[in-house]
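Here's a walk through one chain, helix by helix, with stops at a few residues worth a look. Keep the viewer open as you read.

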Amino acid sequence: MALVKLHTEFFRNLSPDEPASFSSSFNFLYGANGSGKTSVLEAIGYLGLGRSFRINRHQAVVQHGQQRFTVFGGLDHGFDKERNAQSAGTLAHRLGISRDVAQKETTLRVDGEGVRSLSSLAMHLPVSVIDPGVFDIVAGGPGKRRQFLDWAVFHVEPSFASSWQQCQRVTSQRNQTLRNGRLDESMLRIWDTQYAALSERISEARKIAFDQFKSAFDSLVHEVDMNWTEGLKLEFYPGWDTSQSLVDVLVRHREQEARMGHTLYGPNRADIRIRFQGRPVAETFSRGQQKTLVILMKIAQSMVLNDLGKQVSFLVDDINAELDESHRTMLARKLQELRCQVFITSIEHPDPESLWQGNQIPDYRMFHVEHGKLKEE
């Protein structure tokens, strides 16, 4: 599905005057710094991620003097509309998220009905972000790579969100027991058993999603034919030595965890280990190679969801600043091939012909953004 309608209230500097209508293919947004381009992407991100991809605090996105913001979105039928002519022009789903920052309350709606979990909202709109922060997937710590992997797991395996939330609660209780000063071994063994069972379930779902991603990534790498990918190796590390049961690992490292005061083994330590000729790519790849690698990883994720019949909406922020011409062209062509929905921001007026360089240009809409208002050209 693709986002074809967007309406915001008191979100950043965006004007609430008229809902914006978007193409289910490519959308270009250009304007000066501070005009509201990235705020549009951020609002879309709220519908697909349940949060901002720029900042952790909800308070930062609500307009000055207001205590609540709201984002509404309308989705079309995505791939289905091509098979069913009757669905053309009708909305498949209506999504809404509202946050009262004073009361710290979030309201979620799908098709007018209230829902309790962010996953119930986000499942309808897979959103993938390419912005300056995304390159930390390679250069940053394991947490960034877990986020990258879990995004795919969530959209591949619907039960994953529930398992992960349960595991978080058990981990919190286990950590509290570890910090009590005097270890309660009988209580810890209860938490160990629950934690290990949930960990196995989470790791199995992650491994399945990783294998699907790795297969797509390997295929893509051979297709783009970049010689520096020779010797590149991606491996999934579940967070503990799986030659032993997780319960045994926890018992054997009891004193270590007690000293640290938190859980050191399990899915909270999982990682995608990315190495080139045996060394971490963060140490061996140039900044340009790291950017290319992240783009390929993002495209491979989209390939997996595409095979499952799910259309991904890409939010590409400040494309000219982050990617050179050859990488912009590669990204645009692959996303067109995968029939993704794409939102691209830039300061300069975009030139779609330069992205496709003589090839057929897809359907697109062009918007000039100024003072939080979108004006379609």
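Right after helix α13 comes Arg339, and its phi is positive, near 60°. Keep in mind that this is a predicted model. Most residues other than glycine have a negative phi.

Phe10 also has a positive phi, of about 60°, although it is not a glycine. You'll find Phe10 in the loop between β1 (3–9) and β2 (20–21). Its relative accessible area is 34%, so Phe10 counts as partly exposed. Then there's Asp111, again not a glycine, with a positive phi of about 55°. Asp111 sits in the loop between β6 (105–110) and β7 (113–115), and at 30% relative accessibility it is partly exposed.

Two glycines turn up just past helices as well. Gly50 takes a positive phi of about 80° just after α1, and Gly309 takes a positive phi of about 80° just after α11.

How do the helices themselves look? Here are three of them, with the span expected at 1.5 Å a residue set beside the distance between the end C-alpha atoms.

| Helix | Number of residues | Expected span | End C-alpha atoms apart |
|---|---|---|---|
| α1 (residues 37–49) | 13 residues | 18 Å | 18 Å |
| α11 (residues 287–307) | 21 residues | 30 Å | 31 Å |
| α13 (residues 325–337) | 13 residues | 18 Å | 18 Å |

For α1 the expected span and the end-to-end distance agree. They agree for α11 too, and likewise for α13.

On burial, 13 of the 13 residues of α1 are buried, so α1 is largely enclosed by the rest of the structure. For α11 it's 17 of the 21 residues, so that helix is largely enclosed by the rest of the structure too. In α13 the buried residues are His327, Arg328, Thr329, Met330, Leu331, Ala332, Lys334 and Leu335.

Now put α11 and α13 side by side. At what angle do α11 and α13 pack, and how far apart are their axes? The angle is about 5° and the axes are 11 Å apart. With angles under 35 degrees counting as roughly parallel, that is how α11 and α13 run with respect to each other. On the α11 side the contact uses Thr292, Ile295, Leu296 and Ile299, while α13 brings His327, Met330, Leu331, Lys334 and Leu335. By type, the residues of this contact divide into six nonpolar, two polar and one charged.

Met330 is a good one to zoom in on. It lies in helix α13 and, at 14% relative accessibility, counts as buried. Leaving aside neighbours within four places in sequence, Met330 is in contact with Val224, Met226, Ile295 and Leu296. Ile295 and Leu296 are among the α11 residues that make the helix contact. Met330 and Leu355 are 25 residues apart in sequence, with their C-alpha atoms 8.4 Å apart in space.

A few other buried residues are worth a click. Asn27 lies in strand β3, and with a relative accessible area of 0% it is buried. What is Asn27 in contact with, leaving aside its neighbours within four places in sequence? Phe22, Gln341, Val342, Phe343, Ile344, Arg365 and Phe367.

Ser163 is found in helix α6 (residues 160–178) and is buried, at 6% relative accessibility. Not counting residues up to four places away in sequence, Ser163 touches Leu198, Arg201 and Ile202.

Pro126 belongs to the loop between α3 (118–122) and β8 (127–130). At 3% relative accessibility, Pro126 counts as buried. Its contacts, leaving aside neighbours within four places in sequence, are Trp151, His155, Leu305, Gln311, Val312 and Ser313. Pro126 and Phe217 are 91 residues apart in sequence, and their C-alpha atoms are 19 Å apart in space.

Finally, a word on confidence. The chain has a mean pLDDT of 91, and 97% of its residues reach 70 or more. Among the elements, strand β3 (residues 26–30) has the highest mean pLDDT, 96, and helix α2 (residues 80–83) the lowest, 55. Where pLDDT is low, the predicted coordinates should not be read in detail.

How values were computed. Residues numbered from 1 in each chain as written. Predicted model: local features only at pLDDT ≥ 70, side-chain atom pairs only at ≥ 80, totals over all residues. Heavy atoms only, no water. Helix = DSSP H or I, 4+ residues; strand = E, 2+ residues; numbered from the N terminus. Expected span 1.5 Å × (residues − 1). Buried < 20%, exposed > 50% of the residue type's maximum accessible area, 1.4 Å probe, protein only. pLDDT = per-residue confidence, 0-100. Axes fitted to C-alpha atoms, helices over the stretch in contact; angles between N-to-C directions. Parallel < 35°, antiparallel > 145°, perpendicular 65-115°, else oblique. Contact = heavy atoms within 4.5 Å. Nonpolar A, V, L, I, M, F, W, Y, C, P; charged D, E, K, R; others polar.
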